[in-house]
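Reader: I have this protein open in front of me and would like to go through it with you. Could we begin?

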Amino acid sequence: MQTDVVRLTSGFIAQPTSSELSNVPFARHVAGLLDELQFQVEEVEHQHPDGVDKLSIVARRGRGPGGLTLICHSDTVPAAREDGWTTDPYAGTMRGERLHGRGACDMKGALAAVLCAAARWTGTELARPLCILITADEETQARGARQVVSRSRLFAPAARGYGVICEPTRLRVVHAHKGALTMKITARGRAAHTSTLKGINANIKMIPFLNDMKSMYERVLTEECYRNEDFDPPHSEWSLGISDHNPATNMSPARSICSINYRTMPGVDADGLIQATRASARRHGLRLQLVFAGEPLYTAPDSALVRMALQITSTRKPRTVAYGTDGLALSRKMKEMIVVGPGDIAQAHTVDEWIDLDQLRRSVDVYSDFIERVCVRNQD
Ligand SMILES: [Zn+2]
């Protein structure tokens with residue numbers, strides 16, 4: 001396997017894996033590299049709702065439960081030259097001390113670093129197992145991670161150990177991030193030409209529910225019980241979307257859909273919010289579908305894993321972030337979990353995405369140090 005982290009990242013960028021494409025060829029390529037490194041490899045397949053095949057990889061070296069799991073995702077957001085890229089998004093272009101390309105920062109660089117770090121250790125040195133998890137569809141509600149939790153044979157014993165999500169944090173230690181909640185509420189009416197008065201306007205049926213949601217919007221932004229000072233901002237928005245897909249203004253809309261998105265936080269009663277929304281929908285004769293509920297990630301700042309990570313990264317204080325990761329599906333399943341990765345989230349999902357080469361190279365040392373402390377020296 002190529003163990004120059006910059007070259008390995010470039011090679012990964014050259015294989016497009018944006019969420020609308022199948023990631024199967026790329027995932028199999030990475031599985032082959034893990035096989036070369038003497039990992040036991042498990043494939044966890046699923047199909048995206050659009051019908052595209054997806055593949056997550058769980059790999060383990062060493063025996064027994066617990067140990068360390070390093071977590072990456074193989075998908076990226078899309079990129080096209082028409083968006084204003086000044087380089088080919090899939091060429092892996094070097095400019096000074098930066099490597100440009102889709103996924104350089106989020107997160108093929110980190111994936112390459114994890115593999116390079118793993119290559120420094122042989123299986124015989126490991127007192128506790130090292131797992132590497134490469135999920136599909138992280139960018140679309142952590143779908144691959146959810147499949148791994150429910151179906152992977154290799155992940156189940158690893159869940160008793162430590163997890164490091166390798167998303168970009170500039171190699172600082174993140175001990176908490178917000179969760180996610182998505183609901184879809186549908187009002188049904190009847191389509192008819194508006195001149196006939198025979199239609200039922202679904203938007204009119206939606207209005208009383210929207211009034212309740214306006215109160216909810218105000219409550220979550222102002223009331224103390226929806227506030228968590230660990231985060232910036234300390235509140236989350238009760239974000240509402242409305243559409244009726246009505247093809248003509250002289251037709252009564254047959255369907256009106258309200259989507260609700262909310263970033264949950266530790267200490268905030270997400271179930272209570274879901275129940276209140278469900279009750280309002282029922283009261284007004286609407287259908288509610290809970291699309292996704294992802295847990296927030298929270299590991300205590302004085303926990304063993306956070307303290308170890310601060311030593312490894314030579315930083316003093318763990319922090320929180322407002323964005324979500326595969327931790328939405330994994331955090332409650334593992335003993336302790338944090339986020340530490342190379343590059344800056346400010347460059348993720350951008351035109352001309354890049355990663356700093358120094359960050360990339362340092363991250364190989366950081367992940368290797370995690371492996372040494374947890375898996376080789378058996379440190380708690
Ligand atoms: Zn990411």
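Author: The conversation below takes up the domains, the pockets, two sheets and some backbone details.

Reader: Before that, what kind of model is this, and how are residues numbered?

Author: This is a predicted model, in which local features need pLDDT of at least 70 and side-chain atom pairs count only at pLDDT 80 or more, while totals for chains, interfaces and linings use all residues. Residues are numbered from 1 along each chain as its sequence is written, and side-chain values use heavy atoms, with hydrogens and water left out.

Reader: Which domains does the domain assignment give?

Author: There are two entries: domain 1 (5-177 + 296-376) and domain 2 (180-294). These bounds come from an automatic or database domain assignment.

Reader: What separates their centres?

Author: The centres of domain 1 and domain 2, taken over C-alpha atoms, are 34 Å apart. In the contact between them, 12 residues come from domain 1 and 12 residues from domain 2; contact here means heavy atoms within 4.5 Å.

Reader: On to pockets. What counts as one?

Author: On a 1 Å grid over the protein atoms alone, a pocket is an open set of points where a 1.4 Å probe fits, with protein on both sides within 12 Å along at least five of seven lines. Lining residues have an atom within 4 Å of a point. Grid points are joined across faces, edges and corners, and the volume is the space filled by probe spheres set on the points.

Reader: What is the volume of the largest pocket, and which residues lie nearest its centre?

Author: The volume of the largest pocket is about 520 Å³. Its lining has 28 residues, and Glu139, Arg263, Tyr323, Gly324 and Leu328 lie nearest the centre.

Reader: Where does the largest pocket lie with respect to the domains?

Author: The largest pocket lies between domain 1 and domain 2, because both give residues to its lining.

Reader: Which strands supply at least two residues of that lining?

Author: Strand E9 (180-188) and strand E11 (255-262) each do so, and E9 gives the most, with 3 residues. Strands (E, at least two residues) and helices (H or I, at least four) are DSSP runs, numbered from the N terminus.

Reader: How do the lining residues divide by class?

Author: The lining of the largest pocket has 10 nonpolar, 10 polar and 8 charged residues. Ala, Val, Leu, Ile, Met, Phe, Trp, Tyr, Cys and Pro count as nonpolar, Asp, Glu, Lys and Arg as charged, and the others, Gly among them, as polar.

Reader: And the second largest pocket?

Author: The second largest pocket holds about 210 Å³ of space. Of its 15 lining residues, Thr264, Ala270, Asp271, Glu295 and Pro296 lie nearest the centre. E9, helix H7 (270-283) and strand E12 (287-294) each supply at least two residues of this lining, with H7 giving the most, at 3 residues. By class, 9 residues are nonpolar, 3 polar and 3 charged.

Reader: E9 has come up for both pockets. Which sheet holds it?

Author: E9 belongs to an open sheet of 4 strands in the order E10-E11-E9-E12, with antiparallel pairing; strands pair if DSSP finds at least two bridges between them. Strand E10 (239-243) and E12 stand at the edges with a single partner strand each, so one side of each is left without a neighbour in the sheet. The twist averages 15° from one strand to the next. E9 and E12 pair over 7 bridges, and Thr182 stands opposite Phe292 in E12.

Reader: What about the sheet with E4?

Author: That open sheet has 3 strands in the order E4-E5-E16, with antiparallel pairing. Strand E5 (residues 98-100) pairs with E16 over 3 bridges, and the bridge partner of His100 in E16 is Trp354.

Reader: Last topic: which peptide bonds are cis?

Author: The peptide bond from Asp106 to Met107 is cis, with omega near -10°, and Met107 lies in helix H3 (residues 104-119). The bond from Asp232 to Pro233 is also cis, with omega near 0°; Pro233 lies in the loop between helix H6 (202-222) and E10.

Reader: Where does Leu171 lie?

Author: Leu171 lies in the loop between strand E7 (162-165) and strand E8 (174-177). Leu171 has a positive phi of about 60° although it is not a glycine. Most residues other than glycine have a negative phi, and most peptide bonds are trans.

Conventions. Axes are lines fitted to C-alpha atoms, for helices over the stretch in contact, and angles run from 0 to 180 degrees between N-to-C directions.
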